[in-house]
Amino acid sequence: MTGILSVAIIQKINILDKVILAYFGGLTAIIAGVIYYFSTLPKEQITALSTLAANFILISIIVLLLLWPL
């Protein structure tokens with residue numbers, strides 16, 4: 001989000017546009033929801049879930065990069 005804000009400032013993009021505010025609001029809500037969800041879990045489940053999510057994201061990126069040229 002910091003990168004997007006800095007680019008918007010440098011390129012003089014209107015940050016108060018409805019669409020941009022909706023993206024920022026949605027992204028902020030998702031991040032807040034994930035933090036809240038993880039705060040309610042025991043430490044063992046946090047470790048297991050974050051490992052599973054990281055592995056899923058990595059394999060998804062690899063598969064996406066392999067299938068992109070098709």
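This note sets out, in numbered points, the main features of a predicted model of one protein chain.

1. Confidence. The protein chain has an average pLDDT of 90, and 100% of its residues score at least 70. Confidence varies along the chain: helix 1, residues 2-10, has the lowest mean, at 86, whereas helix 3 has the highest, at 94.

2. Secondary structure. The protein chain contains three helices and zero strands. Read along the sequence, the elements follow the pattern α-α-α. Helix 1 covers residues 2-10, helix 2 covers residues 18-39, and helix 3 covers residues 43-67.

3. Overall dimensions. The radius of gyration of the protein chain is 17 Å, while a compact globule of 70 residues would have a value near 11 Å. Along its principal axes, the C-alpha trace spans about 45 × 40 × 20 Å.

4. Burial and surface. Of the 70 residues in the protein chain, 4% are buried. The chain exposes about 6200 Å², and carbon and sulfur atoms supply 77% of that area.

5. The nonpolar patch. Which residues form a nonpolar patch on the surface? The patch consists of Phe-56, Ile-57, Ile-59, Ile-61, Ile-62, Val-63, Leu-65, Leu-66, Leu-67 and Leu-70. Together these residues have about 1100 Å² of accessible area. One of them, Leu-66, is found in helix 3. Leu-66 has a relative accessible area of 61% and therefore counts as exposed, because the cut-off for that class is over 50%.

6. The aromatic pair. A search of the whole structure finds one aromatic pair. The partners are Tyr-37 and Phe-38, whose ring centres lie 6.0 Å apart. Their planes stand at 75°, so the pair is edge-to-face; the cut-off for this arrangement is over 60 degrees. Are the two partners buried or exposed? Neither label applies, because Tyr-37, at 44% relative accessibility, counts as partly exposed, and Phe-38, at 25%, also counts as partly exposed. Partly exposed residues fall between the buried limit of under 20% and the exposed limit of over 50%.

7. A backbone point to inspect. Lys-12 has a phi near 55°, a positive value in a residue other than glycine. Where does Lys-12 lie? Lys-12 is placed in the loop between helix 1 and helix 2. With a relative accessible area of 75%, Lys-12 is exposed.

How values were computed. Residues are numbered from 1 along each chain as its sequence is written. This is a predicted model: local features need pLDDT of at least 70, side-chain atom pairs count only at pLDDT 80 or more; totals for chains, interfaces and linings use all residues. Side-chain values use heavy atoms; hydrogens and water are left out. Patches are made of residues with over 30% relative accessible area and no salt bridge: like charges are joined within 9 Å, nonpolar side chains (Val, Leu, Ile, Met, Phe, Trp, Tyr) within 5 Å. Accessible areas come from the Shrake-Rupley method with a 1.4 Å probe; for residues, only the protein chains shown count as cover. A salt bridge is a side-chain nitrogen of Lys or Arg within 4 Å of a carboxyl oxygen of Asp or Glu. Helices (H or I, at least four residues) and strands (E, at least two) are DSSP runs, numbered from the N terminus. Buried means under 20% relative accessible area, exposed over 50%, partly exposed in between (1.4 Å probe, protein chains only). The radius of gyration is taken over C-alpha atoms; the globule rule is 2.2 Å times the number of residues to the power 0.38. pLDDT is the predictor's confidence in each residue, from 0 to 100. Rings of Phe, Tyr and Trp (its six-membered ring) pair if their centres lie within 6.5 Å; planes under 30 degrees apart count as stacked, over 60 as edge-to-face and the rest as tilted.
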